[in-house]
Amino acid sequence: MGPVVLFGAFTLRTSLEDLNARSDRDRQEAAALAATLVGRTVSTRGAQLTEISGRDDFRDALTHRDSTRLSNILAPLVSAVPDVATAGVLDSAGTVLARFPADPTAIGQSLATGDYYIGALRTIGVFMGDAVTSRFDPTLSIVTLSLAVREGSDVRGVAILTVRPTALIADLRTLDAPGREFLLIDHRSATIASTAKRPMLSLVDVPARSGSGLAPFDGVPRVFVAAAVGGADWTLYVLDDPALVYAAQATLATELGLPLVGAIVLAGALAALLASAWLLLVRGRDRLAAANVQLVELNEQVQAATRAKSDFLASMSHELRTPLNAVLGFSDVLDEQLRDTLTDRQRRYLKNIRSAGLHLLELINDVLDLSKVEAGRLVLRPEPMTLGDLLEPVVASAAHLASDRGVRFEAPVVPAATALLDPARVRQVLLNLLSNAVKFTSGGGRVSLTVAVDDRSVRFEVTDTGIGIAAEQRGRVFGVFERLHEGRSDAPGTGLGLAITKKLVELHGGSIDFASTEGAGTRFWVDLPDVLVEAAVGPRVLVVEDDPGDAELLVHLARDAGLAVEIAPSAAAALAAIARSAPTAVILDLRLPDRRGEEVLAQLKALPSTAHIPVLVVTVEDDDGRVRLLGADDHVTKPFDRDRVRAWLLRLDGGGIRARAAG
């Protein structure tokens, strides 16, 4: 037992280290997301200030020193925007001309000594001032954005916008965890905003402005991750209470340590029995039979423990696969090395061992899928795909399964339509239904798959002539660990397939139901509403972006430029769209869910028919020159400059594409 105990301790330690790594990644991702959100908000407010300052009516009102018109023009910047406190206009000497919300005491005051006024005169573009207390409202802490309005080299005035720092991170409370604080500081280490009760503008003793680790903040140890805020000399920290981190680890070790060690010891004992079986095979048939009896009993105990600990398997399935792979691997080794010396009974024993191991692996995989769905961690990755491409591997697999059991399989007539859905998960649904239909249909029977489309919806139907489902069992069909065929069929299964199938269908916004007659057969149908889309062809801009918000903004800019647009959320969808009909231009993200954007760019430029297509890379990664070497026109870093993207779109040779969009 010594090696088994050591192996169990090693596995437990590895699991805890992995959990610690995941906790650190969670802080890293939270910091990066929070910094991006804050940076994007500041960038957006700066862009709004630039846009209004460039308007003709604003410049005319500034020329005539028309305070009322200026206030009315500024009002939309403040109204219904929680993070904006005030907007105003100073004349070239720094005197307040207009302010919204209106404050008669502010008009005429000189703000020429403010860093935002001085900074705007020295800066081409938006200047960000230090966080200060508003001189008009002492209870309000603000950050001022300012922009000098110029006519040639002459300054006509200064437009200003004040932002409430506390509102910048209000949305971050949804990312909060117990003991966690989001802290935003400026270049002076002054508190701009905090989800804890820190006084605004109070100085914070911070150990570093980058990296991560354990360090004192104002003398209190905190586990931290630091991230720079784009477009501002600010730093955002994610701070966790180390006591809570250690307590969570201790609780996790207590709750999972003993079951994990028990599972490892059990699997180790199984592997040890397999090694003993190898020795017994050499020594004689009688001793092998006795060992296999023990192995069967132990395997039954493992299955009983697995059913009783389904929640445990869901969270630790990756760790359980490691010893299970050893069981399956050693059974294969025994079969390969002793194949010529084994009796028929011994071969049957090894086959039983492998069959039981594969069944356990299938159960673990099903529990993992089910737990992901129930915990909300399973994310669908929809992409446009023709129904023919979707069903081709499904039909091939079903035909093979049916042929092996002597069942006649009737393939569907597939409509020529394109659907926006997750192909891997829809195929999993259909294969679950088809494999069940084949398993419970006797040789000579029939299984069929049909597909029908109606408006924007699609229906899949799987029909068999198998054993059917009793009426009194109808309410248990989609339950967990329900094996309704026991006593009527010896077909293997985990009892989870239909439960997973129903949840995957519902994730797509669809429904599943069935009709069955015991002894005559069953018909299941799956309805997926609003999934059919028009397959885009002809002149268009192809936006390859998996983030819905960024994709929506890029589509908006392209349509404003008079261009037709198609969205591809993955590399596979992008390549399929290009193969279907070459686009006029491509906007490409580098971080895609299935592979890197550079691969899409390389394939696009490798073909003579598509090498001429202009490509704009829009991504969170900094420009290192690689994408231009691969043939991209330009590289824009997120949060991206909309004017720069708009200018690139307007430069496209878009006669055909704009005519199509207008039509």
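**An antiparallel sheet and a helix pair**

Good morning, colleagues. I begin with strand β9, residues 220-229, and strand β10, residues 234-240, which pair in the antiparallel sense over seven bridges. Within this pairing, F224 stands opposite L239 in β10. Please bear in mind throughout that the model is predicted.

Let me now place these two strands in their sheet. Five strands form an open sheet, and their order is β7-β6-β10-β9-β8, with antiparallel pairing. Which strands lie at the edges? They are β7, at 191-194, and β8, at 212-217, each of which pairs on one side only. As for the twist, neighbouring strands of this sheet are turned against each other by 35° on average, direction ignored.

I turn next to the helices. Two packed helices are described by the angle between their axes and the distance between the axes. For helix α14, residues 571-580, and helix α15, residues 597-606, the packing angle is about 15° and the axes are 10 Å apart. Because angles under 35 degrees count as roughly parallel, α14 is roughly parallel to α15. The crossing of α14 and α15 is right-handed.

Which residues make this contact? On the α14 side they are A571, A574, L575 and I578, and these meet V600, Q603 and L604 in α15. By character, the residues of the contact between α14 and α15 divide into six nonpolar, one polar and no charged.

To close, I return to the two elements of this talk: the open sheet of five strands with antiparallel pairing, and the contact of α14 with α15, which has no charged residues. Thank you for your attention.

Technical notes: Residues are numbered from 1 along each chain as its sequence is written. This is a predicted model: local features need pLDDT of at least 70, side-chain atom pairs count only at pLDDT 80 or more; totals for chains, interfaces and linings use all residues. Side-chain values use heavy atoms; hydrogens and water are left out. Two strands pair if DSSP finds at least two bridges between them. Helices (H or I, at least four residues) and strands (E, at least two) are DSSP runs, numbered from the N terminus. Axes are lines fitted to C-alpha atoms, for helices over the stretch in contact, and angles run from 0 to 180 degrees between N-to-C directions. Angles under 35 degrees count as roughly parallel, over 145 as roughly antiparallel, 65 to 115 as roughly perpendicular and the rest as oblique. A crossing is left-handed if the near helix is turned anticlockwise from the far one by less than a right angle, and right-handed if clockwise. Contact means heavy atoms within 4.5 Å. Ala, Val, Leu, Ile, Met, Phe, Trp, Tyr, Cys and Pro count as nonpolar, Asp, Glu, Lys and Arg as charged, and the others, Gly among them, as polar.
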